[in-house]
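Good morning, everyone, and thank you for coming. I would like to walk you through one structure today, beginning with its pocket and ending with its cysteines.

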Amino acid sequence: MTDLDDLAAEKYVLLTTFRRDGRAVPTPVWAVRDGDALAIWTVADSGKVKRIRREPTVTVAPCDVRGRPHGPAIKGYATLCPPAETRRIRSLLKQKYRLLGRLTLLGSRLRRGEQGTVGVRVTLG
């Protein structure tokens with residue numbers, strides 16, 4: 001299996017973005033395979049989205065729900081997705097995370113609306 005397959009099989013991955021001063025900010029997130037990349041979904045005005053806009057270099061590692069890594073970090077390049085791709089990523093997350101995914105995505109849509117979240121694709125390497 002490839003690194004992408006291994007990460008996509010995990011329930012949580014640790015997405016690490018970087019501040020202006022170079023400090024790492026790790027965040028556990030749900031992730032799903034999206035073709036040749038790893039896709040995540042997050043709040044559109046979150047700190048990680050702002051950091052990705054400024055510096056798209058990230059690392060991803062397998063982790064538990066609390067963000068404790070249990071594997072090596074792999075460098076990647078993150079890109080923010082337009083609304084159509086974000087909808088597709090939501091569908092992929094619903095398939096992988098089943099009932100919990102559906103409930104979480106529904107709650108988010110009710111709270112923030114469709115534009116309140118954004119998909120992020122991470123290309124490894």
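If we sort the residues that line the largest pocket by class, we find six nonpolar, four polar and two charged ones. Please keep in mind, as we go on, that what you see here is a predicted model.

How much space lies in the largest pocket? The computed value is about 150 Å³. The nonpolar side of the lining includes Tyr 12, Pro 28, Val 29, Trp 30, Trp 41 and Val 43, while the two charged residues are Arg 111 and Arg 112. Among the polar residues of the lining you can find Thr 42, Thr 104, Ser 108 and Thr 117.

Which elements give two or more residues to this lining? They are β2, which runs over 24-29, β4, which runs over 37-43, and α3, which covers 83-112. The largest share comes from α3, which gives four residues to the lining of the largest pocket.

Let me now turn to the cysteines. The structure holds zero disulfides. Cys 63 is in no disulfide, and the nearest cysteine sulfur to its own, that of Cys 81, is 20 Å away, whereas a disulfide would need the two sulfur atoms to be within 2.5 Å. Cys 81 is likewise in no disulfide, with the sulfur of Cys 63 as its nearest, 20 Å away.

Are these cysteines buried or exposed? Cys 63 counts as buried because its relative accessibility is 3%, and Cys 81, with a relative accessible area of 9%, is buried as well, since the cut-off for buried is under 20%.

Key:
Residues are numbered from 1 along each chain as its sequence is written. This is a predicted model: local features need pLDDT of at least 70, side-chain atom pairs count only at pLDDT 80 or more; totals for chains, interfaces and linings use all residues. Side-chain values use heavy atoms; hydrogens and water are left out. Buried means under 20% relative accessible area, exposed over 50%, partly exposed in between (1.4 Å probe, protein chains only). On a 1 Å grid over the protein atoms alone, a cavity is a set of points where a 1.4 Å probe fits but cannot get out, and a pocket is an open set with protein on both sides within 12 Å along at least five of seven lines; lining residues have an atom within 4 Å of a point. Grid points are joined across faces, edges and corners, and a volume is the space filled by probe spheres set on the points.
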